[in-house]
Amino acid sequence: MVLRGPVDLIRPASGRPVRVEVVFDAHVPHDVEGVVRPFARLRRYNGTPGSFVSLGGPLLTERPDSWKAAAWTGIYPADIRAVSPHVFSPYEYLPESGPGVPHRITGDYSFATAEQKIFALEGRGIHGYGREDGLHDGRLLDEIARLRAAAAAGILLMPEGFFVSRHLPRWEVRQDHRDRDLAVLELADHTPRSEEWSFRADRFKAALQSLQDAPFRRKEVAGELLHWDAGLAPVQEEDVVRLARTRAPDLIRWRGVSPDLLESRFVHDWHDLGNAPGIVAEEGRPGAERILECALRMLDHRMGFESGGIAWRAFRDRILQEGVALPVTAPAPEARP
């Protein structure tokens, strides 16, 4: 199949960074007999269906109908169609390939975009590379190899069509932006707005409990998990681990939470919260539970006499819901010199 992908290079003549589009062919896994079985089938909050499979790498789901192949311009359009009728945009399968991604070599957001495409097609009589200002170098070959590897890991041909890499949706409780009295539990694959209101797709009961506890007059559920095969599902990050890794470190930026303002018995908790990602990476679930215990102690301590603690109440409630820590009675703050 033929794909497009961005490659970042340095112009030999000027030394300036440039991003050029490469048109290349790639071999991707095929399961034309339908041997691979989905571990999850669902209906997203907006009604679109999804079936998820895993080959030990990225999670793959059906290529959305909204992803259309772009019309080809320039040289070799007929030959490209002869190689493959399937032409993918780079943003459908490649991680970190959008326009807002910095240049891979310089790290800068300021660079030129080459108008001429580079062709790296090996089959059906198409050979060689297009060039612009001598951009054909060893790094170009390495980058094309990287693109081919990313395609092989992120695309699968199934009987029902192409499956591409995509995150598994999560349940999230959110306030409806039009009706402020309405809370919606939605199964969506966008980045969660709030981690303390977000749950893994297979934890509907826990997410529903969070919805029921939410302080809203009206409540709805949008989406449905139709099938989940725990035997086929790959190992995924637990919500407790995710909370400890992504949310708990934010506590050290709360006003009044710093070593010089805290009582001495909370300084160790402050250090653990600040190092939460590393602790979780090294210790896994036990380390995550310890981090959330630190977070709960810090919350109960600060919320006892800090009015700003109301913004953290949802996080505290979520820790208690997960059952990894018990609340403590917040003591009176010690006098400091």
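In this predicted model, six strands line up as an open sheet in the order β9-β10-β5-β4-β3-β15, with antiparallel pairing. The edges belong to β9 (155-158) and β15 (224-228); each has a single partner strand, so one side of each is left without a neighbour in the sheet. On average, and ignoring direction, neighbouring strands of this sheet are turned by 25° against each other. Within the sheet, β3 (residues 40-43) and β4 (residues 49-54) run antiparallel and are joined by four bridges, with arginine 41 sitting opposite serine 51 of β4. Helix α2 (residues 138-154) lies across β5 (59-62), β9 and β10 (161-165), and runs at about 45° to β9.

Further along the chain, helices α5 (residues 264-274) and α6 (residues 276-283) bring their axes within 5 Å of each other and cross at roughly 75°. Angles of 65 to 115 degrees count as roughly perpendicular, and α5 and α6 are therefore roughly perpendicular to each other. The contact is made by Asp272, Leu273 and Gly274 on the α5 side and by Ala276, Pro277 and Ile279 on the α6 side. Sorted by character, the residues of this contact come out as four nonpolar, one polar and one charged.

Turning to charge pairs, a search of the whole structure picks up 32 salt bridges. One of them links aspartate 189 to arginine 44, with the closest N and O atoms 3.0 Å apart. Aspartate 189 is in the loop between β12 (182-188) and β13 (198-199), while arginine 44 is in the loop between β3 and β4, so this pair ties together parts that are 145 residues apart in sequence. Arginine 44 is buried, at 4% relative accessibility, whereas aspartate 189 is partly exposed, at 24%.

Other salt bridges stay inside a helix. In α2, arginine 146 and glutamate 143 are three residues apart, which puts about one helical turn between them, and their closest N and O atoms are 3.0 Å apart in a salt bridge. Here glutamate 143 counts as buried, with 6% relative accessibility, and arginine 146 as partly exposed, with 26%. Helix α7 (residues 285-303) holds arginine 285 and glutamate 289, four residues or about one turn of the helix apart. Their side chains meet in a salt bridge at 2.7 Å, N to O. Both are partly exposed, arginine 285 at 28% relative accessibility and glutamate 289 at 25%. Beyond these pairs, Arg170, Arg203, Asp239, Arg318 and Glu322 are joined into one network by salt bridges that share partners.

Notes
Residues numbered from 1 in each chain as written. Predicted model: local features only at pLDDT ≥ 70, side-chain atom pairs only at ≥ 80, totals over all residues. Heavy atoms only, no water. Pairing = 2+ DSSP bridges. Helix = DSSP H or I, 4+ residues; strand = E, 2+ residues; numbered from the N terminus. Axes fitted to C-alpha atoms, helices over the stretch in contact; angles between N-to-C directions. Contact = heavy atoms within 4.5 Å. Parallel < 35°, antiparallel > 145°, perpendicular 65-115°, else oblique. Nonpolar A, V, L, I, M, F, W, Y, C, P; charged D, E, K, R; others polar. Salt bridge = Lys/Arg side-chain N within 4 Å of Asp/Glu carboxyl O. Buried < 20%, exposed > 50% of the residue type's maximum accessible area, 1.4 Å probe, protein only.
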